[in-house]
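Colleague: Could you walk me through one part of this model up close? I'd like to know what each piece sits next to, in plain words.

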Amino acid sequence: MKKIFLLFLLLPHFLLAQFPRTMSLNGEWSFALDPVSVGKDQQWFRDDFIPKGWDKVNVPHSFSVDRRYHNFTGDVWYTRQLKMENLRKGMRAFLRFEAVFYKCTVWLNGTELGEHEGGYTPFEFDISEIVKNENTISIRVTNAWDTTTIPGAKTKVNYETSSSAQVYPWINYGGITRNVSIIFRPEVYLGKLKISAEPDLTGKTARIDIRAFVKNSSGSLAAKQDVRVNLYQAGKNVQVKYKVDKQDILPGQEAVFETSILLRRDVKLWSFDTPELYEAELICGFDTVKQKFGIRSVKISGTKLLLNGEPVRMGGCNRPLDYPGFGSMDPKQILEKDLTLIKNGSMELSRISHYPVSVELLDWADEHGMLLILEAGNWQMTPQQMSDPVMREKFKSQFREMIERDWNHPSVIAWSVGNEYQSSTPEGQAWTKDMIAYSRELDPSRLVTFASMLVFRDVIKKPEDEASQYVDFISANIYGNHLKHLQHIHELYPYKPIYVSEFGIRADHVKSEDERIQHLIKAVADFRKCDFLIGASIWTFNDYQSLYPGTNIDGYRHWGLVDANRQLREMYVTWQEQFSPATIQVANVSGKLQITVHARADFPSYVLHNYELRINGNAFKLGVLKPGESKIIPEQVSSVVGNKENIIELVKPGGFVILKKVLNSNGLMQN
């Protein structure tokens with residue numbers, strides 16, 4: 001009898017465990033333009049509506065990459081049929097979109113579920129009471145912008161003399177641009193999960209703070225719950241002690257469960273060269289959620305950025321989300337190609353984009369090692385927009401959706417509250433102060449900045465003149481006169497580190513690629529004179545399409561180290577050499593070849609852990625090289641060097657080739 005009773009207790013858990021956690025809705029949908037916005041009045045969302053003559057498209061989908069609709073701005077519709085089994089007792093179903101650009105309204109079986117605004121962040125609806133065996137999902141999407149959208153047009157400006165105020169500089173790629181799914185959860189389920197992991201670098205321990213947000217979505221039953229935690233590293237269970245008190249959760253309410261775990265030995269630290277990851281498994285009733293995270297320390301100390309106690313000064317890039325045929329979608333094959341080129345170019349400290357990036361990008365950055373500053377949409381908003389309560393709430397909504405989605409990624413080291421807004425005005429100063437406070441309310445564990453286009457200008461005479469007074473580190477978009485502008489910022493804020501969030505020169509604005517190369521070399525020479533500089537990101541990694549005034553007649557802005565199809569320009573090769581953290585020197589010593597690897601002490605500079613020098617595929621371990629130190633590859637070099645061309649490579653952990661040289665038969669180095 002006891003065994004039967006135990007089986008009865010475990011049966012619901014078994015049944016829930018057998019139900020799939022997610023159901024992908026990627027794939028074929030029906031699609032149509034709605035240029036005069038008649039779809040809602042004609043009830044295209046009805047469950048008996050037949051989308052006769054509509055296109056068949058594959059979601060994720062951006063209609064803007066279809067040559068027929070490339071310049072279309074306005075309403076479009078997507079619809080699809082969905083067959084589903086009956087929801088099992090105690091289960092809830094949620095329809096989730098990872099991103100839809102820009103605004104949308106969603107219906108299920110003719111019932112409006114709700115609306116969402118913001119083109120790069122996720123949202124979901126509880127469909128448990130509406131879903132049936134045969135279902136119709138309909139969504140109206142608009143990629144239109146105006147003075148109330150983020151991004152959008154500017155308000156309170158003279159449009160007759162400033163055509164650039166009416167557009168923003170990237171394409172409004174419209175559609176269901178990221179994954180769609182149905183998520184199945186128990187009635188009492190784990191929602192948001194926040195993990196903060198801070199090492200004690202002296203004691204070689206780590207404290208892991210976990211906050212689990214548990215929701216009771218049942219209509220009438222109170223739930224008394226606790227949360228259990230399992231911890232894993234490299235697939236192996238880590239024995240831990242913790243305490244979580246049980247709580248009563250009323251119907252429709254959410255409770256926050258908190259616990260702390262102290263790791264006392266063998267703590268694996270995450271960094272860009274040793275991206276060690278842990279995984280927390282949380283169990284609450286019938287619900288189980290797994291979350292990866294990293295243990296690392298990111299601090300500002302004077303004018304230095306410290307990662308795990310070591311100063312880092314690094315190159316980086318801005319990556320506009322644009323690829324021929326895919327627009328702002330980011331399929332795996334393109335994403336991995338781009339990020340590998342970025343790592344190979346030592347572009348590892350980046351304000352990567354003006355808007356939230358995909359989860360897949362962040363997962364790659366966690367697993368392979370990058371330091372990212374994430375930004376949420378305020379591109380050149382005017383003082384009137386920044387003081388508008390409605391615009392403030394829209395930004396805070398999109399900012400919160402980004403932070404709560406991304407706050408467990410160790411690759412994310414800072415949040416940015418905007419780019420190139422009028423930060424010297426009272427409205428810009430108030431925006432900066434308030435949004436930084438809001439970010440710290442949501443996530444106090446990360447640094448905060450914004451990209452200023454004003455802080456280096458002569459009109460800024462004292463720190464109080466500009467909103468950079470509020471940031472943890474100063475970010476500045478500087479195009480030319482780098483040394484002068486950086487010295488001016490340093491005079492204003494001598495105790496803050498500075499990050500060049502944008503610099504560069506367009507390929508179609510110079511007579512030759514060599515002119516761009518010399519511009520880069522001069523900029524880096526200036527950077528190396530500034531020991532308060534922690535990073536510099538090229539604008540841009542890749543070319544991108546735009547409607548912005550001044551765009552090339554081919555539709556592209558040619559700023560990239562690579563072109564739109566990711567063909568390398570000579571600038572990329574020069575970038576690799578200039579932004580490598582080490583140099584390679586060859587000498588003939590007493591008739592024998594000697595190769596020396598020297599870790600830069602100026603810029604970029606950081607401790608090299610477990611790098612390799614490969615000569616014709618033969619690996620020589622470099623151990624630990626601190627900035628300014630050198631490692632000589634001695635006599636055994638002769639045994640692997642041939643009579644003709646020899647390939648010499650500096651290789652990061654993970655196999656990323658960040659510097660490549662050719663040694664010819666005369667012992668001379670060349671790119």
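Modeller: Sure. A strand here is a DSSP run of E, at least two residues long, and strands are numbered from the N terminus. Keep in mind that this is a predicted model.

Let's begin with R96, which lies in strand β5, residues 91-97. R96 has a relative accessible area of 19%, and it counts as buried because the cut-off is under 20%. Its side chain makes a polar contact of 2.7 Å with the side chain of E98. Leaving aside residues up to four places away in sequence, R96 touches P122, F123 and E124, plus N179, V180, S181 and I183.

For a whole strand under cover, go to β25, residues 371-375. Five of its five residues are buried. L371, I373 and E375 point one way, while L372 and L374 point the other way. That fits the general pattern: in a regular strand, side chains alternate between the two faces of the sheet. In β25, the residues pointing either way are all buried, and that includes E375.

Now for the strands that pair with β25. Strand β24 (residues 349-351) runs parallel to β25, joined by three bridges; S350 has L372 as its bridge partner. Together with helix α3 (residues 359-368), β24 and β25 make a right-handed β-α-β unit. Strand β26 (residues 412-419) also runs parallel to β25, with four bridges joining them. There, E375 stands opposite S416.

Notes. Residues are numbered from 1 along each chain as its sequence is written. This is a predicted model: local features need pLDDT of at least 70, side-chain atom pairs count only at pLDDT 80 or more; totals for chains, interfaces and linings use all residues. Side-chain values use heavy atoms; hydrogens and water are left out. Buried means under 20% relative accessible area, exposed over 50%, partly exposed in between (1.4 Å probe, protein chains only). A polar contact is a pair of N or O atoms within 3.5 Å; within protein, one must be able to donate a hydrogen and the other to accept it, and residues adjacent in sequence count only if both atoms are side-chain atoms. Contact means heavy atoms within 4.5 Å. Two strands pair if DSSP finds at least two bridges between them. A crossover is right-handed if, with the strands pointing away from the viewer, the path from the first strand over the helix to the second runs clockwise.
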